[in-house]
Amino acid sequence: MQSTPPRAVTAICHALQEQIEHGLLAPGGKLPAERKLSEVFDTTRITLREALVQLEAQGLIYREERRGWFVAPERLTYDLVERSHFHAMVRAQGREPGTELLSARLQPAPAAICARLGLPALSSVVRICRLRRIDGRAVLYAEHYLNPRYFPGILDQDLGQSLTEIYAREFGIRYGRVCFEILPTALPGAAAAALKVSAGSAGLHVTRVNSDQHGHVIDCDLEYWRHDAIRIRAEVG
């Protein structure tokens, strides 16, 4: 026996999707409380929650811990070929970027980072953790691991700025070859807490291993995106 009526779930999904597509529920807008929505659709909270979770999986709405449900904004296009940093990429698409520095320090490199950067065991790396926002909404938790050999004194810089611009301005370093790895993931604790979602929520994990203009592997970025925040694009000639 099914726990919730499938027709009721489908009807709620269709009704909310129609309201979103016609602009009656605006991107970024907050949905009424679940209790109110249950009354509107004359259904149980269990049935309503199943419909909301289905719409969340489709990327139409999202939930923030202790804040409720919201209509998802337009996805950002993440172009793998375009050489652009986060702030420039967001502004180019008519949106407003923001970066919050969470932590920055020199620490022993995890084994996986040693492998990515080609470092020997017990090496040190600069670890920078940042939260990125689009139009005020937290969408990306990023951990940057830098080989300190190439960035002496970088911890004295304003790390809320673009690292790409700091690299060029302070160290004469430009990106050369970039290797991407993209996987769907369950958001780990630190990323989930920063993005204000439950640990284990669906996300997109993008790993970037970056070389400079001379072919030296200089850093590795671990990006944890909200699954509804971006679309990945690459056009190869």
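How many salt bridges does the structure hold? The structure, which is a predicted model, holds 15 salt bridges, and three of the pairs are described below together with the two pockets that head the ranking by size. The largest pocket has a volume of about 430 Å³, while the second largest pocket has a volume of about 310 Å³. In the UniProt record, an unreviewed entry, the feature "domain: HTH gntR-type" is placed at residues 6-74.

**Annotated region**

- Over residues 6-74, the span that the UniProt entry gives to the feature "domain: HTH gntR-type", the chain is 52% helix and 12% strand.
- The C-alpha atoms at the two ends of residues 6-74 are 28 Å apart.

**Largest pocket**

- The largest pocket, with its volume of about 430 Å³, is lined by 23 residues, of which Ser-84, His-85, Phe-86, Thr-164 and Arg-208 are the closest to its centre.
- Both helices and strands contribute to the lining of the largest pocket, with at least two residues supplied by each of the helices α4 (86-92) and α6 (163-171) and by each of the strands β3 (76-79), β5 (124-134), β6 (137-146), β7 (175-186) and β9 (217-226).
- Sorted by class, the lining of the largest pocket comprises 10 nonpolar, five polar and eight charged residues.

**Second largest pocket**

- Around the second largest pocket, whose volume is about 310 Å³, there are 18 lining residues, and those nearest its centre are Glu-56, Arg-63, Val-197, Ser-201 and Ala-202.
- Domain 1 (5-71) and domain 2 (76-233) each provide at least three residues of the lining of the second largest pocket.
- At least two lining residues of the second largest pocket come from each of α3 (45-57) and β1 (61-64), and α3 gives the largest share, with four residues.
- The lining of the second largest pocket consists of seven nonpolar, three polar and eight charged residues.

**Salt bridge between Glu-34 and Arg-45**

- Glu-34 and Arg-45 form a salt bridge in which the closest N and O atoms are 3.4 Å apart.
- This pair links distant parts of the chain, since Glu-34 belongs to helix α2 (residues 34-40) and Arg-45 to helix α3, with their positions 11 residues apart in the numbering.
- Glu-34 has a relative accessible area of 12% and is therefore buried, whereas Arg-45, at 46% relative accessibility, counts as partly exposed.

**Salt bridge between Glu-143 and Arg-127**

- A salt bridge joins Glu-143 to Arg-127, and the closest N and O atoms of the two residues are 3.2 Å apart.
- Because Glu-143 lies in strand β6 and Arg-127 in strand β5, the pair ties together parts that are 16 residues apart in sequence.
- Which class of exposure applies to Glu-143, buried or exposed? At 10% relative accessibility Glu-143 counts as buried, and Arg-127, at 18%, counts as buried too.

**Salt bridge between Glu-235 and Arg-233, and a network**

- The side chains of Glu-235 and Arg-233 meet in a salt bridge with an N to O distance of 3.0 Å.
- Glu-235 counts as exposed because its relative accessibility is 56%, while Arg-233, at 38% relative accessibility, counts as partly exposed.
- Elsewhere, Glu-34, Arg-45 and Arg-49 are joined into one network by salt bridges that share partners.

Notes
Residues numbered from 1 in each chain as written. Predicted model: local features only at pLDDT ≥ 70, side-chain atom pairs only at ≥ 80, totals over all residues. Heavy atoms only, no water. UniProt positions renumbered as here; feature names shortened; annotations may be inferred. 1 Å grid on protein atoms, 1.4 Å probe; cavity = no way out; pocket = protein on both sides within 12 Å on 5 of 7 lines; lining within 4 Å. Points joined across faces, edges and corners; volume = space filled by probe spheres on them. Nonpolar A, V, L, I, M, F, W, Y, C, P; charged D, E, K, R; others polar. Domains from an automatic or database assignment. Salt bridge = Lys/Arg side-chain N within 4 Å of Asp/Glu carboxyl O. Buried < 20%, exposed > 50% of the residue type's maximum accessible area, 1.4 Å probe, protein only.
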